[in-house]
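Work through the exercises below with the sequence and the 3D structure at hand. Try each task before reading its solution.

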Amino acid sequence: MDELVALCKRRGFIFQSGDIYGGLQGVYDFGPLGVELKNNIKRSWWEAMVYDNDNIEGLDSSILTNPLVLKYSGHEETFSDPMVDCKECKSRFREDQLKNGKCDRCGSDNLTEPRPFNLMFKTSVGPIEDEKNYAYLRPETAQQIFTNFKNIIDSTSQSLPFGIAQIGKAFRNEITPRNFIFRVREFEQMELEYFVKPGDDEDAHDIWVQKRLDWWDQQGVPIDNVELYNVPREELAHYSKKTIDLMYKFPHGNEELEGIANRADFDLGSHSKKQSELNIKSSVSKNKDSNSKLAIQDEGGDWMVPFVIEPSAGVERGFLAILNEAFTIEDLPEGKQRTVLKLKPHLSPIKIAVIPLKKNNEEMVSHANVLIKELKELRIGRVVLENTGNIGKSYRKHDEIGTPICMTIDFETLNDGSVTIRDRDSMEQSRIDSSSLKELIIHKIKL
Ligand code: ATP
């Protein structure tokens, strides 16, 4: 972990938020390379969900959440972790994360009884700060998917089975944020709510577990390194009928990368019921025939509240797992070593570094700039000029940040347009003709 953290800071992937003022615990900023990797992970998820499946729609809902949504979803009452205080050193911990029931800081077993600590962040809304004018920062993106269920049915032509996908920030006031970006207070989730007929839920659950394993595999987190954990009944979240966690061996231990829950009809059911009880007028209540407002008609015209399967992955945990898998230190001849991030090329923050052989050779530099302009038109991601005149140093830098292609412009390039391409992983170099260059690049970079 220490090596990853150091690399992330040195190369501009991740910084502690507000570090000029001592930072803010459990909150991080993503730098120039970090934002690229993060966006690439999110894009890859979005493509696999929304673009590859005609029956999945996208959503981008608000972070500020009406407290009634989180009251009736059960979060106000139950979205908490057990907190204990150490009576000796006054530290606070999550009881279920303590080793041997002892204080993590001073080792004492003189601890208070655990009490529930609600993880939701509350904020005031509008100019008057009082108990009535508050909202929550959402602790999961899922709830607004449920509250928009009818809006999406009514504005699209979807019928069961279908899904709604969303990527966005979530906030949890974790008692003990730790392990770099693994457990933080502000993070992003990639969540799919996949609605099916009751009775079809168990098969759909199995299918989504497999699909998600395959997706992680394509991102460079091999299936063999992910374990399935069937969460025991007593550990299930309040909404879950069954949950399979994808457990990954992070540098600090084997922990949850993604949770795939069968939420049954818990959420749509409770929001519908509470809306009816409270007689709340909303745009979703048009269906007079429906005895439940967040419902859908089957082929026979009967109304039903569907069941839902929810694959929910954290972007930061994915980022950490992907970096951990990619991070490699290789022995080279003559007792040397190189650090290389063997990222899947579609995730690499920089796709191509174009390196003129001679720093001060105007012809080479201007040729490089023309080529970069053309390569940018391929829309494959960032293409940069590396004008140091030191090929070895440029290779070392780009190995360390995971750039899959280094392209050298030399005297031959000026004659015939051909370039030398150096592959990051094999370090092999090959001379490529200008006519086949673009095709080769697209082949190497696209998933
Ligand atoms: P944990 O048991 O580790 O606290 P959880 O079971 O509460 O996680 P879920 O509610 O299932 O997590 O959230 C779905 C996903 O969101 C998790 O699999 C994880 O990838 C991510 N996630 C949850 N909490 C955090 C956090 N504090 N920091 C970073 N990612 C998180």
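In these exercises Ala, Val, Leu, Ile, Met, Phe, Trp, Tyr, Cys and Pro count as nonpolar, Asp, Glu, Lys and Arg as charged, and the others, Gly among them, as polar. The model is predicted.

**Exercise 1. The largest pocket**

Task: State how much space lies in the largest pocket, and describe its lining by class and by element.

Solution.
Step 1. The space in the largest pocket comes to about 1500 Å³. The lining is made of 49 residues, and those closest to the centre of the pocket are R94, R172, R183, D245 and E256.
Step 2. Sort the lining by class: 20 residues are charged, 17 are nonpolar and 12 are polar.
Step 3. Look for the elements behind the lining. At least two residues each come from β5 (80-85), β11, β13, β14, β17 and α9 (315-326). β14 gives the largest share, with 9 residues.

**Exercise 2. The cavity**

Task: Find how many cavities of 30 Å³ or more the structure holds, and which residues line the largest cavity.

Solution.
Step 1. Empty space is found by rolling a probe the size of a water molecule over the atoms.
Step 2. There is 1 cavity of 30 Å³ or more, and the largest cavity holds about 70 Å³ of space.
Step 3. Its lining consists of V27, Y28, F30, K38, K169, I181, V184, E186, F187 and E316. In terms of class, 6 of the lining residues are nonpolar and 4 are charged, with no polar ones.
Step 4. Two strands, β2 (28-30) and β11 (186-196), each contribute at least two residues to this lining.

**Exercise 3. Following residues across strands**

Task: Start at L246 and name its bridge partner in β14. Then name the bridge partner of E258 in β17.

Solution.
Step 1. Strands of a sheet pair through backbone hydrogen bonds, in a parallel or an antiparallel way.
Step 2. β13 (residues 242-250) and β14 (residues 253-264) are antiparallel and share 9 bridges. They form a hairpin, with 2 residues between the strands. L246 has E258 of β14 as its bridge partner.
Step 3. β14 also pairs with β17 (residues 307-314), again in the antiparallel sense, over 6 bridges. Here the bridge partner of E258 is A313.

**Exercise 4. An open sheet**

Task: Which strands stand at the edges of the sheet with the order β4-β9-β8?

Solution.
Step 1. This open sheet has 3 strands, and the pairing is antiparallel.
Step 2. The edge strands are β4 (64-65) and β8 (121-124); each has a single partner strand, so one side of each lacks a neighbour in the sheet.
Step 3. Check the pairing of β8 with β9 (residues 134-137): the two are joined by 4 bridges and run antiparallel. K122 stands opposite Y136 of β9.

**Exercise 5. Aromatic rings**

Task: Why does the pair W45 and W46 count as tilted, and is each residue buried or partly exposed?

Solution.
Step 1. The whole structure contains 12 aromatic pairs. In the pair of W45 and W46, the ring centres are 6.4 Å apart and the planes meet at 45°, so the pair is tilted. The cut-offs behind this are under 30 degrees for stacked and over 60 for edge-to-face, with the rest tilted.
Step 2. W45 is buried, because its relative accessibility is 1%. W46 is partly exposed, because its relative accessibility is 22%.
Step 3. Ring pairs also join F146, F149, F162 and F195 into a cluster.
Step 4. Some rings have a charge over them. The charged end of K211 lies over the ring of W208, at 4.5 Å from the ring centre. For R263 and the ring of Y239, the corresponding distance is 3.5 Å.

**Exercise 6. Backbone details**

Task: Locate the cis peptide bond between L160 and P161, then describe the positive phi values of A264 and M427.

Solution.
Step 1. The bond between L160 and P161 is cis, with omega about -5°. P161 lies in the loop between α6 (149-155) and β10 (162-171).
Step 2. A264 is not a glycine, yet its phi is positive, about 50°. A264 belongs to strand β14 and is buried, because its relative accessible area is 13%.
Step 3. M427 also has a positive phi, near 65°. M427 sits in the loop between β23 (419-423) and β24 (429-432), and it is partly exposed, because its relative accessibility is 31%.

Definitions and conventions. Residues are numbered from 1 along each chain as its sequence is written. This is a predicted model: local features need pLDDT of at least 70, side-chain atom pairs count only at pLDDT 80 or more; totals for chains, interfaces and linings use all residues. Side-chain values use heavy atoms; hydrogens and water are left out. On a 1 Å grid over the protein atoms alone, a cavity is a set of points where a 1.4 Å probe fits but cannot get out, and a pocket is an open set with protein on both sides within 12 Å along at least five of seven lines; lining residues have an atom within 4 Å of a point. Grid points are joined across faces, edges and corners, and a volume is the space filled by probe spheres set on the points. Two strands pair if DSSP finds at least two bridges between them. Rings of Phe, Tyr and Trp (its six-membered ring) pair if their centres lie within 6.5 Å; planes under 30 degrees apart count as stacked, over 60 as edge-to-face and the rest as tilted. Buried means under 20% relative accessible area, exposed over 50%, partly exposed in between (1.4 Å probe, protein chains only). A charge sits over a ring if NZ of Lys or CZ of Arg is within 6 Å of the ring centre and within 35 degrees of the ring normal.
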